[in-house]
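Open the model in a viewer and keep the selection tool at hand. The stops below say what to select next and what is there.

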Amino acid sequence: MRALLKSFVAFFTSLTLTVWLLAFSLVLVFAATLAQTDLGIWAVQQKYFWSLFVMARLPGTGLMIPVFPGGYLLGGLLLVNLVAAHLYRFRLEWRKAGIWLTHFGLILLLLGQLFTGLWQRETQMRIDQGQTRSYAESPRQFELAVIDTTDPASDHVFAIPTGILARGGTIQYPRLPFTIHTLAFYPNSTLQNRNRAPGAQPSPADQGFGPEVVASPEPVTYRTDELNAPSAFIELAGPEGRLGTWLVSALFTEPQEFPYQGRTWRLLLRPERDYYPFAVTLLKFSHDRYPGTDIPKNFSSRVRLRSADGRVDREVLIYMNNPLRYAGLTFYQAGFENNDRTTVLQVVRNPSWQLPYVSCVMMALGLVIQFGIHLFGFIQRRSAATAAPATAAST
C-alpha cells in the first residue's frame, strides 16, 4: 500500500507529467486554431477547451468517442501537478519566496480560467436611438416565451429554454393552465410560404402561422458570422383536451396569440433574455469615419443609466476600450445596425475577471523578488571573494 501511494505521489509531482501536459496543451491549441475556420470560436471553445475530452464521431455510426484530452482535463491535471509538487518538493523558506509567489500566481491564473469558463455569460443589448432597454439577449441561445398579456399593466412570462424542447416530452408549469408537448424540434431551420412550395407535405400545425408555412430542418452552423434559427412544432392541451398545434420559430418576428380560459396568451420563440433591475436609454450613437473614406475611425454610444430604485441616474459614454461597468456587468461597444440608428452593446458577466490581472502581477512580482534574491546573493559572494585576496595580501 505504501509503495502504491509513493508511486501515486511520484506521478503527480513529476516534472515529466508537467512536460507532457504542456505538450498536449500545445497540440490542443494548434488543433483548435485550425478547427476555428470551420466551427467558429463558440463551438471551438465548447469542443476543445470547455470539456474533459475532445469528442469525435465514429465513422459510419452516430457514436461519439473521446479522441484527445480537453482543456478542463489538461488544466485540472496541471493544477494538481503544480500544487502537489509544491507541497511535496518545495520547502517554505524566504530564499524561495519568489518561486512560491510566481507559482501561486500561475495557480490563480488556472483557477481564473476555470471560473471564467463556468461563470462567464455574454449577451447583447440592441437599442435604437431614443429607446430604453432593461434586458439583454443571448446571441446563440433561444427560449420559448409563453406570455399572459391579459393584464394591461404587466405581462406574465413563462420562459422555456429550447434545450428542454429538444428533449421532447411534455412540459407542465404549475402556473400554466395547459401542457406543452414537443412534436418536433429543429436546432436550425428555414421557413417558406406554402404557396411557393407546391407538393410540400401538410403542416402538423393547425393553429397560428403554421398552416401557411413550410418548416425545413437545416444543418447546425457554428460560424461566427451565421446564426441558427430553431423551430419547433408544439401541441398544447388543457384539462378538457387538445387545444391545437403551433409552429414556433425564431424566424417569426411577431408572436402568435390565442385565447384560453378567459385570458389572452402569446407564443414566441426568441433569444434568451436576462432582465436587469436598471434601464439603459440610447441618447445618441456616433459613427466617425476617416475623412474621404468609409473606414470606421470610432463609434460610441451616449446612454442614460437609471436604476429601478432611482438611486442611479447618470449619462455614460461607451466607446471602444472604454466600457461601462455596473452591477457586476461590463457593457462594451460591439457594433451598430440600422444605418447607425441602432447600437449593439456586448454585455459580459464574469465575476472572476480580475483574477488574470492579479495573477500576472503576482507572477511578475515573484520573478522580480527571486531575481533580486539571487542578485543580492551573487553580490555578497563576489564581495567576499574580492575581500579574501586583499586580506591575504595584507597578512
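A residue counts as buried when its relative accessible area is under 20%, as exposed when that area is over 50%, and as partly exposed in between. The model on screen is a predicted one.

**Stop 1: Tyr276 and Thr123**

Select Tyr276, which is part of strand 13. Is Tyr276 buried or exposed? Its relative accessibility is 15%, under the 20% limit, so Tyr276 counts as buried. Now show what surrounds it. Apart from neighbours within four places in sequence, Tyr276 is in contact with Thr123, Met125, Ser134, Tyr135, Ala136, Leu329 and Val347. For a distance, pick the C-alpha atoms of Tyr276 and Ser249: the two residues are 27 apart along the chain, and these atoms are separated by 26 Å.

One of the contacts of Tyr276 is Thr123, so select that residue next. Thr123 sits in strand 3, which covers residues 121-128. With a relative accessible area of 1%, Thr123 is buried. Residues up to four places away in sequence aside, Thr123 touches Ala136, Glu137, Ser138, Pro139, Asp274, Tyr276, Leu345, Gln346 and Val347.

**Stop 2: helix 2 and helix 4**

Select residues 15-39, which form helix 2, and add helix 4. The axes of these two helices come within 10 Å and cross at roughly 155°. Because an angle over 145 degrees counts as roughly antiparallel, helix 2 is roughly antiparallel to helix 4. Their crossing is left-handed.

To see where they meet, show side chains on both. Helix 2 brings Leu17, Thr18, Leu21, Leu22, Phe24, Ser25 and Leu28, and helix 4 brings Gly71, Leu74, Leu77, Leu78 and Asn81. Coloured by class, this contact of helix 2 with helix 4 has eight nonpolar residues, four polar ones and no charged ones.

**Stop 3: helix 4 and helix 5**

Keep helix 4 (residues 71-89) and add helix 5 (residues 97-119). Here the axes come within 11 Å, and the crossing angle is roughly 155°. That makes helix 4 roughly antiparallel to helix 5. Helix 4 passes helix 5 in a left-handed crossing.

On the helix 4 side, the contact is made by Tyr72, Gly75, Leu78, Leu79, Leu82, Val83 and His86. On the helix 5 side, select Ile99, Trp100, His103, Leu106, Ile107, Leu110, Leu111, Leu114, Gly117 and Leu118. How many nonpolar, polar and charged residues does the contact of helix 4 with helix 5 have? There are 13 nonpolar, four polar and no charged residues.

**Stop 4: helix 5 alone**

Hide helix 4 and look along helix 5. At 1.5 Å a residue, its 23 residues should span 33 Å, and the C-alpha atoms at its ends are 32 Å apart, which agrees. Next, select the buried residues of helix 5: Gly98, Trp100, Thr102, Gly105, Ile107, Gly112, Thr116 and Gly117. Trp100, Ile107 and Gly117 are among the residues of helix 5 that make the contact with helix 4.

**Stop 5: two loop residues with positive phi**

Most residues other than glycine have a negative phi. The next two selections have a positive one.

Go to Gln261, in the loop between strand 12 (256-260) and strand 13 (263-289). Gln261 is not a glycine, yet its phi is positive, at about 55°. With 53% relative accessibility, Gln261 counts as exposed.

Then go to Asn339, in the loop between strand 17 (329-337) and strand 18 (342-349). The phi of Asn339 is also positive, near 55°. Asn339 is exposed, with a relative accessible area of 67%.

**Stop 6: Gly208**

Select Gly208, in the loop between strand 8 (189-193) and strand 9 (213-217). At 46% relative accessibility, Gly208 counts as partly exposed. Leaving out residues up to four places away in sequence, Gly208 touches Trp246 and Gln256. Add Phe258: it is 50 residues from Gly208 in sequence, and the distance in space is 8.2 Å, C-alpha to C-alpha.

**Stop 7: Arg167**

End at Arg167, which belongs to helix 6 (residues 162-167). Arg167 counts as exposed, at 66% relative accessibility. From Arg167 to Thr253, pick C-alpha to C-alpha: the distance is 25 Å in space, with their positions 86 residues apart in sequence.

How values were computed:
Residues numbered from 1 in each chain as written. Predicted model: local features only at pLDDT ≥ 70, side-chain atom pairs only at ≥ 80, totals over all residues. Heavy atoms only, no water. Axes fitted to C-alpha atoms, helices over the stretch in contact; angles between N-to-C directions. Helix = DSSP H or I, 4+ residues; strand = E, 2+ residues; numbered from the N terminus. Parallel < 35°, antiparallel > 145°, perpendicular 65-115°, else oblique. Left-handed = near helix turned anticlockwise from the far one by under 90°. Contact = heavy atoms within 4.5 Å. Nonpolar A, V, L, I, M, F, W, Y, C, P; charged D, E, K, R; others polar. Expected span 1.5 Å × (residues − 1). Buried < 20%, exposed > 50% of the residue type's maximum accessible area, 1.4 Å probe, protein only.
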